[in-house]
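I opened this notebook to look up ring contacts and nonpolar packing, and I begin with charges over rings.

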Amino acid sequence: MGPLRSVVLAGGGTGGHIYPLLAFADCLRRHDPGVRITCLGTPKGMENELIPPHGYDLRQIPAYQLPRSVNMNLVRTPGRMWTAARAAGKVIDEVRADAVVGFGGYVSVPAYLAAWRRELPMVIHEVNVPPGVANRLGMKFTKNIAVGFPHQPSQAESLRDATVVGVPLRRSIATLDRYALRNAARAHFGLRPDLPVLFVAGGSSGARSINLAVSGAAKELARNGVQVLHVMGARNEPVPIPTDLPVPYVTLPYLSEMELGYAAADLMLARGGAMTVAEVAAIGLPTIYVPYPHSNQEQKRNALPVVEAGGGVLVDDAELTPDWLERTVIPLIRDPQRLYAMGASAAAYGRRDGDEALRSFVLEAVAR
């Protein structure tokens with residue numbers, strides 16, 4: 001039995017916090033089936049749909065949106081923050097946690113406060129620049145900071161001393177052999193095995209501009225023998241796709257088994273969320289990144305290092321038109337040598353062992 005008998009994992013709100021948490025939980029359990037894993041969530045977060053089906057104990061605590069700036073007054077003033085921290089502390093005490101590992105999202109803050117009050121080892125995993133507000137606050141209480149990407153320590157002062165461990169990925173993705181699974185994946189979606197596939201997935205929100213551009217280019221792509229596997233996003237209005245295309249154009253509202261989409265694809269068109277960048281780089285999938293424009297440009301910062309390493313193409317949302325797609329995708333997807341080189345560059349930048357590296361980092365923090 002290692003030093004980790006019971007661990008509390010905190011992260012919620014969006015998939016970007018929850019998927020690494022789940023991959024890390026799976027890694028802990030692989031090494032020690034007896035380890036007690038308790039996840040903290042809020043009543044409204046996406047964690048309620050994702051964590052219990054994976055077989056992990058999810059405890060709900062109240063969590064509150066934080067102001068965008070972080071200072072100690074923020075911690076001292078609101079009584080409700082301490083109410084949430086007390087609730088987190090009760091869970092920590094009940095499960096006799098050896099450590100708290102936080103992945104961001106508002107639910108992490110009460111966990112960080114409760115761990116700090118108990119002088120319990122605490123590790124923070126961050127994938128964005130700048131760090132999210134919850135993790136920025138947690139960083140005031142611990143020096144055990146792990147990050148997902150090599151560019152982060154140089155781009156954010158608060159991450160200067162962080163350890164790069166990579167992003168914990170689901171095993172189905174971390175162990176994916178795209179080429180071995182390609183024909184089976186294409187058959188699964190009703191795609192032809194002999195023609196190239198563009199895989200389009202813009203995420204659950206903010207993908208309408210991508211959907212419109214690809215549907216607008218559908219006829220020209222199909223005329224050039226390019227098949228499309230298009231995940232529209234469950235929260236987006238479907239966009240009409242031309243009928244009677246000469247090659248398959250498959251649309252889905254949502255895809256839970258992303259590894260099948262990755263395996264079917266020769267080229268991907270995606271946003272630049274940290275999880276997407278980590279996954280496609282790890283498996284060496286050449287990707288055209290269209291960063292979400294209405295934020296602090298974090299998606300552009302996520303994607304740029306992979307593109308600079310030769311593993312993708314970057315285009316501004318405003319420049320993504322059907323004409324741009326036709327001019328860019330058709331020559332690229334019909335050039336297997338260039339695709340292979342891009343995939344190799346992406347894979348050299350990405351890593352598949354983020355779960356194992358984070359586990360080692362947590363064990364060292366607990367040992368200290």
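I first looked up Arg 178, whose charged end sits over the ring of Tyr 179, 5.1 Å from its centre; a charge counts as over a ring if NZ of Lys or CZ of Arg is within 6 Å of the ring centre and within 35 degrees of the ring normal. Arg 170 has its charged end over the ring of Tyr 19, 4.4 Å from the centre.

I note that this is a predicted model, in which local features need pLDDT of at least 70 and side-chain atom pairs count only at pLDDT 80 or more, while totals for chains, interfaces and linings use all residues. Residues are numbered from 1 along each chain as its sequence is written, and side-chain values use heavy atoms, with hydrogens and water left out.

Next I looked up aromatic pairs and found 3 in the structure (ring centres of Phe, Tyr and Trp, for Trp its six-membered ring, within 6.5 Å; planes under 30 degrees apart are stacked, over 60 edge-to-face, the rest tilted). Trp 116 and Phe 141 form a stacked pair, because their ring centres are 4.5 Å apart and their planes stand at 25°. I checked burial as well: Trp 116 is partly exposed at 39% relative accessibility, whereas Phe 141 is buried at 13% (buried is under 20% relative accessible area, exposed over 50%, partly exposed in between, with a 1.4 Å probe and protein chains only).

The rings of Phe 199 and Tyr 262 have centres 6.0 Å apart and planes at 75°, so I entered this pair as edge-to-face. Both Phe 199 and Tyr 262 are buried.
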